[in-house]
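Reader: I should like a close look at one part of this model and at the way the rest of the chain is arranged around that part. Please treat the matter in one connected account.

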Amino acid sequence: MAISQRLVDPYREIGVPTSYSWQESYQAAVLETDWTKMQERVQTAESEIHQRRLVLSQDHGGTDEERAALVNAMSGLRVLRMNVASWLERQNLGGIQPTNLRSQISENR
C-alpha cells in the first residue's frame, strides 16, 4: 500500500472500521489542499486525537486496533506539520514562525 493511502486511511492497513470519533478531523487535515488552512486542520486533528488518547489512558477502554490507528494518525499528522512548516518558509508568511512550528513537531514526538 502506498504511503499516501496509509495517511488518508490508517485503519485500512489493519482492517478496522473507520468509525472513530477523531477520524473526521484527521481526514479533513490529510485531505486539505489549501495550505493556508492545513495548519489549523492539523491542530484540530491532533487535539481530538490527544483527547481520545487521554480517555483511553484513563479508562483503559478502546481496542488495540484503535490504539494502533491513533499512532498511525499521529505519524501522518507529524508529516503534514513538517510539510506546512516547509511551505510557510517558502511563502514567508506571517503568523506562526516556522521555527516555532518545528519545535511543536519535536514536542509531539
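Author: Helix 3, in this predicted model, covers residues 35-59, which makes 25 residues. From the first C-alpha to the last, helix 3 reaches 37 Å, close to the 36 Å expected at 1.5 Å a residue. The residue just after helix 3, His60, takes a positive phi of about 55 degrees.

The setting of this helix can be given briefly. The protein has 5 helices and 0 strands, and from the N terminus on its elements run α-α-α-α-α. Of its 109 residues, 32% count as buried. Within helix 3 the buried residues are Met38, Gln39, Val42, Ala45, Glu46, Ile49 and Leu56. The list thus holds Gln39 and Glu46 beside residues such as Val42 and Leu56. The protein as a whole exposes about 6500 Å², and carbon and sulfur atoms supply 47% of that area. Where contacts join residues at least 6 apart in sequence, 51% of them link residues at least 24 apart.

The packing partners of helix 3 come next. Two packed helices are described by the angle between their axes and the distance between the axes. For helix 2 and helix 3, the angle is about 155 degrees and the axes are 8 Å apart. Angles over 145 degrees count as roughly antiparallel, and helix 2 and helix 3 are therefore roughly antiparallel to each other. Helix 2 passes helix 3 in a left-handed crossing. On the side of helix 2, the contact is made by Ser25, Tyr26, Ala28 and Ala29; helix 3 contributes Met38, Arg41, Val42, Thr44, Ala45, Glu48 and Ile49. Of these helix 3 residues, Met38, Val42, Ala45 and Ile49 also belong to the buried set.

Two residues of this contact allow a closer view, one from either helix. Arg41 has its place in helix 3. Is Arg41 buried, partly exposed or exposed? Its relative accessible area is 34%, so Arg41 is partly exposed. Leaving out residues up to four places away in sequence, Arg41 touches Ser25, Ala28, Ala29 and Glu32. The C-alpha atom of Arg41 is separated by 9.7 Å from that of Leu31, a residue 10 places away along the chain.

Ser25 lies in helix 2. With a relative accessible area of 10%, Ser25 is buried, because buried means under 20%. Apart from its neighbours within four places in sequence, Ser25 is in contact with Arg41, Thr44, Ala45 and Glu48. The pair Ser25 and Arg41 thus appears in the contacts of either residue. Ser25 and Ile49 are 24 residues apart in sequence, with 9.1 Å between their C-alpha atoms.

Helix 4 is a further partner of helix 3. The axes of helix 3 and helix 4 come within 10 Å and cross at roughly 155 degrees. That makes helix 3 roughly antiparallel to helix 4. The crossing of these two helices is left-handed.

Helix 4 itself runs over residues 64-91. At 1.5 Å a residue, its 28 residues should span 40 Å, and its end C-alpha atoms are 41 Å apart, which agrees. Asn92 follows helix 4 and has a positive phi, near 55 degrees.

The packing of helix 2 against helix 4 completes the view of these three helices. Helix 2 (residues 23-31) and helix 4 pack at an angle of about 30 degrees, with 10 Å between their axes. Angles under 35 degrees count as roughly parallel, and helix 2 and helix 4 are therefore roughly parallel to each other. Their crossing is left-handed. Tyr26, Ala29 and Val30 of helix 2 make the contact with Asn72, Ala73, Gly76, Leu77 and Leu80 of helix 4. Tyr26 and Ala29 also take part in the contact of helix 2 with helix 3.

In sum, helix 3 is roughly antiparallel to helix 2 and roughly antiparallel to helix 4, while helix 2 and helix 4 are roughly parallel.

Notes:
Residues are numbered from 1 along each chain as its sequence is written. This is a predicted model: local features need pLDDT of at least 70, side-chain atom pairs count only at pLDDT 80 or more; totals for chains, interfaces and linings use all residues. Side-chain values use heavy atoms; hydrogens and water are left out. Helices (H or I, at least four residues) and strands (E, at least two) are DSSP runs, numbered from the N terminus. Buried means under 20% relative accessible area, exposed over 50%, partly exposed in between (1.4 Å probe, protein chains only). Contact means heavy atoms within 4.5 Å. Accessible areas come from the Shrake-Rupley method with a 1.4 Å probe; for residues, only the protein chains shown count as cover. The expected span of a helix is 1.5 Å times one less than its number of residues. Axes are lines fitted to C-alpha atoms, for helices over the stretch in contact, and angles run from 0 to 180 degrees between N-to-C directions. Angles under 35 degrees count as roughly parallel, over 145 as roughly antiparallel, 65 to 115 as roughly perpendicular and the rest as oblique. A crossing is left-handed if the near helix is turned anticlockwise from the far one by less than a right angle, and right-handed if clockwise.
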